[in-house]
Amino acid sequence: PAPAERAERADSGAIDAAVAGEWRNADFRERDQYRRPAQTLAFFGIQPSHTLVEITPGGGWYTEILAPLVREDGSYVAAVVDPERATSDSARDYATRQNAQLREKLAAHPEVYGPATVHPYDPADPVFGEPGSADAVVTFRNVHNWRMGGNAEAMFRGFYDVLAPGGVLGVVEHRAEGAVPDDDRSGYVGQEQVVALAAAAGFVLEEASEINANPADTRDHPNGVWTLPPSNRHDEADAERYAEIGESDRMTLRFRKPHQ
C-alpha cells in the first residue's frame, strides 16, 4: 500500500512493547507519567511499517521508543540541525554536541535501533528527505524554539513537503493560555498559533487531544517552562512546589496532509 494508506491506525501492541523496552534510560522512563508516550503515539497513529521522521530529537528521549518501533518493517530518521548552518557559535556548539550524542546512542546499540538515519538540515531552508517519502513526522516541544528563531513557517513547509499525501504530522508543544507575541521567551505557545502555522503550510487539523494536559501548570513561572521539571531552573527552596506541578501543560495535535 501507499504510505498514506498505512497511516490510519496505530499498532498499540507494538507501541506498548517499544515503551516497555528494557534498553530505555531509567531516568527517561520516569518521565512517562508526564509524556505518556504510548497514548501519544497511538493517538498519532504511528505504525511499525512507517517511514518516520522525528524533528530535532535532542537527547533521544523519544528516539529510544521510535527507532526500535520501526526497526524491522519501517525506518526511523532523526532530523537534526546541521551545525554548519547554525546561526551563532553557541547554536553551532549545541548542535554539534547534540548530534554527536545522538549518533553515539544509535551506533552503540544497532541491535536495538537498527539502521536509523541521522539527517542534518538547514533551519533557514529545511529539507527532511525526498518529497513524499515519509508516512509520519513527529515533533515534541520544539515549536517555541522555531518561533524564537523566526523559522517556524519554513519548518512546517518542510514537514508538508517530506510527507506523502495522507501522511500525518504529530505535534506536542507547551501550551500557553492564549496567543503569545512573536518575541515571547516563555517556551509556551498558543494552541491556535500552532494550528495556524500548520494550516498555512497546507495541513488539516484532524484532532486535538488532552493526553498531555496538566491543569496544575499555571504558566506564570519566573524562568518560563524551564522552571518546571525536567529543567528545574528555580531556587532550591521551591523544589517541592514545582515537583508537585510536574512537567508543563501540553497540547497534542494530529494533522493530516490532504490527498492530492
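These exercises work through helix packing, salt bridges and loop residues in one predicted model.

In this predicted model, local features need pLDDT of at least 70, side-chain atom pairs count only at pLDDT 80 or more, and totals for chains, interfaces and linings use all residues. Residues are numbered from 1 along each chain as its sequence is written, and side-chain values use heavy atoms, with hydrogens and water left out.

**Exercise 1. The buried side of H1**

Task: Find which residues of helix H1 are buried, and state what covers them.

Solution.

Step 1. Fix the terms. Helices (H or I, at least four residues) and strands (E, at least two) are DSSP runs, numbered from the N terminus. Buried means under 20% relative accessible area, exposed means over 50%, and partly exposed lies in between (1.4 Å probe, protein chains only).

Step 2. Pick out the residues. H1 spans residues 12-19, and its buried residues are Ile15, Ala18 and Val19.

Step 3. Check their directions. These residues cover an arc of only 100° around the axis, which puts them on the same side of H1. The arc is that of the directions from the helix axis to the C-beta atoms.

Step 4. Recall the general rule. An α-helix has 3.6 residues a turn, so residues three or four places apart point the same way.

Step 5. Name the cover. It includes helix H2 (26-30), helix H3 (32-35), helix H4 (37-44) and helix H5 (63-70). Contact here means heavy atoms within 4.5 Å.

**Exercise 2. H1 against H4**

Task: Describe how H1 and H4 pack, and which residues meet.

Solution.

Step 1. Give the geometry. The two helices pack at an angle of about 145°, and their axes are 9 Å apart. Axes are lines fitted to C-alpha atoms, for helices over the stretch in contact, and angles run from 0 to 180 degrees between N-to-C directions.

Step 2. List the residues. On the H1 side are Ser12, Ile15, Asp16 and Val19. They meet Pro37, Ala38, Leu41 and Ala42 of H4.

Step 3. Sort by class. The contact of H1 with H4 has six nonpolar, one polar and one charged residues. Ala, Val, Leu, Ile, Met, Phe, Trp, Tyr, Cys and Pro count as nonpolar, Asp, Glu, Lys and Arg as charged, and the others, Gly among them, as polar.

Step 4. Look at H4 as a whole. Six of its eight residues are buried, so H4 is largely enclosed by the rest of the structure. The buried ones are Pro37, Ala38, Thr40, Leu41, Phe43 and Phe44.

Step 5. Step past the end of H4. Gly45 follows, with a positive phi near 85°.

**Exercise 3. Salt bridges**

Task: Take three salt bridges, and state whether each partner is buried or partly exposed.

Solution.

Step 1. Define and count. A salt bridge is a side-chain nitrogen of Lys or Arg within 4 Å of a carboxyl oxygen of Asp or Glu. The structure holds 15 of them.

Step 2. Take Asp32 and Arg24. Their closest N and O atoms are 2.8 Å apart. Asp32 is buried at 16% relative accessible area. Arg24 is buried too, at 4%.

Step 3. Take Arg241 and Asp238. Their salt bridge is 3.8 Å from N to O. Arg241 is partly exposed, at 44%. Asp238 is also partly exposed, at 23%.

Step 4. Take Arg250 and Glu247. The closest N and O atoms lie 2.8 Å apart. Arg250 is buried at 3%, and Glu247 is buried at 2%.

Step 5. Add the network. Salt bridges with shared partners join Arg175, Glu177, Glu210, Arg219 and Asp249.

**Exercise 4. Loop residues**

Task: Place Gly187, Pro230, Thr56 and Asn232 in their loops.

Solution.

Step 1. Start with Gly187. This residue lies in the loop between strand S5 (163-174) and helix H10 (191-201). Gly187 is buried, at 2%. Not counting residues up to four places away in sequence, Gly187 touches His144, Glu173, His174, Val225 and Trp226.

Step 2. Go to Pro230. Its loop runs between strand S6 (204-209) and helix H11 (239-245). A cis peptide bond joins Pro229 and Pro230, with omega about 5°.

Step 3. Turn to Thr56, in the loop between strand S1 (51-55) and H5. Its phi is positive, about 40°, although Thr56 is not a glycine.

Step 4. Finish with Asn232, in the loop between S6 and H11. Its phi is positive, near 55°, and Asn232 is a residue other than glycine. Asn232 counts as partly exposed, at 36%.
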